[in-house]
Amino acid sequence: NGEPRYNVTKGQTYRVEFSFENNGESYQSTKVGYYVSTNDYISTVDTPLKTITMGLGRNTVYTYQTTITIPNTLNSGQNYWLGTIIDKDSTLSEVTETNNRTYLAIRVN
């Protein structure tokens with residue numbers, strides 16, 4: 001559907017990059033979860049890959065790189081979505097809770 005897709009190999013480690021922004025009133029520290037999903041809605045019930053803690057200053061965009069290992073349990077030849085959820089435990093009080101997820105489409109070799 002015009003969306004970029006990245007080919008990956010099971011068991012391989014890749015560097016991924018996502019951008020995060022805090023539009024709140026003050027500095028916030030929160031947990032960010034990385035997941036692999038069978039659909040483009042990333043949620044905490046998807047396969048967890050990694051959790052980090054990130055501090056975000058007010059009105060600043062942070063582009064963060066980290067490494068992710070593709071699980072060996074994924075099926076070759078299938079599409080998946082590698083995604084992230086900021087404030088994964090919903091501990092921050094926010095006006096909008098629906099904008100905390102993003103993803104990249106991947107296809108497993």
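Trainee: Leaving aside its neighbours within four places in sequence, which residues is Thr-38 in contact with?

Mentor: In this predicted model, Thr-38 is in contact with Gln-78, Tyr-80 and Trp-81. To count as a contact, heavy atoms have to be within 4.5 Å.

Trainee: How far apart are Thr-38 and Trp-81 along the chain and in space?

Mentor: They are 43 residues apart along the chain, yet their C-alpha atoms are separated by 6.3 Å.

Trainee: Why is Thr-38 called exposed?

Mentor: Its relative accessible area is 53%. The cut-off for exposed is over 50%, so Thr-38 counts as exposed. As for where to find it, look in the loop between E3 and E4.

Trainee: What about Val-45, where is that found?

Mentor: Val-45 sits in the loop between strand E3 (28-37) and strand E4 (47-56).

Trainee: And what makes Val-45 count as exposed?

Mentor: Run the check again: relative accessibility is 73% for Val-45, and exposed means over 50%, so the word fits Val-45. While you're there, find Gln-28: it is 17 residues from Val-45 in sequence, and the two are 24 Å apart in space, C-alpha to C-alpha.

Trainee: Why is the pair Lys-88 and Asp-89 called a salt bridge?

Mentor: Their side chains meet at 3.3 Å, N to O. The rule wants a side-chain nitrogen of Lys or Arg within 4 Å of a carboxyl oxygen of Asp or Glu, so this pair passes. The count by this rule comes to one salt bridge. As background, side chains of opposite charge can pair when their charged atoms come close.

Trainee: Why is Asp-89 called partly exposed?

Mentor: Asp-89 has 42% relative accessibility. Buried is under 20%, exposed is over 50%, and partly exposed lies in between, so Asp-89 gets the middle label.

Trainee: Let's step back. How many helices and strands does the protein have?

Mentor: Zero helices and seven strands.

Trainee: How do you know that the protein is as compact as a globular protein of that length?

Mentor: Set two values side by side: the radius of gyration is 14 Å, and the globule rule gives 13 Å for 109 residues. Those are close, so the protein is as compact as a globular protein of that length. Its C-alpha trace spans about 45 × 25 × 25 Å along the principal axes.

Trainee: What share of the residues is buried?

Mentor: Buried residues make up 35% of the 109.

Key: Residues are numbered from 1 along each chain as its sequence is written. This is a predicted model: local features need pLDDT of at least 70, side-chain atom pairs count only at pLDDT 80 or more; totals for chains, interfaces and linings use all residues. Side-chain values use heavy atoms; hydrogens and water are left out. Helices (H or I, at least four residues) and strands (E, at least two) are DSSP runs, numbered from the N terminus. Buried means under 20% relative accessible area, exposed over 50%, partly exposed in between (1.4 Å probe, protein chains only). The radius of gyration is taken over C-alpha atoms; the globule rule is 2.2 Å times the number of residues to the power 0.38.
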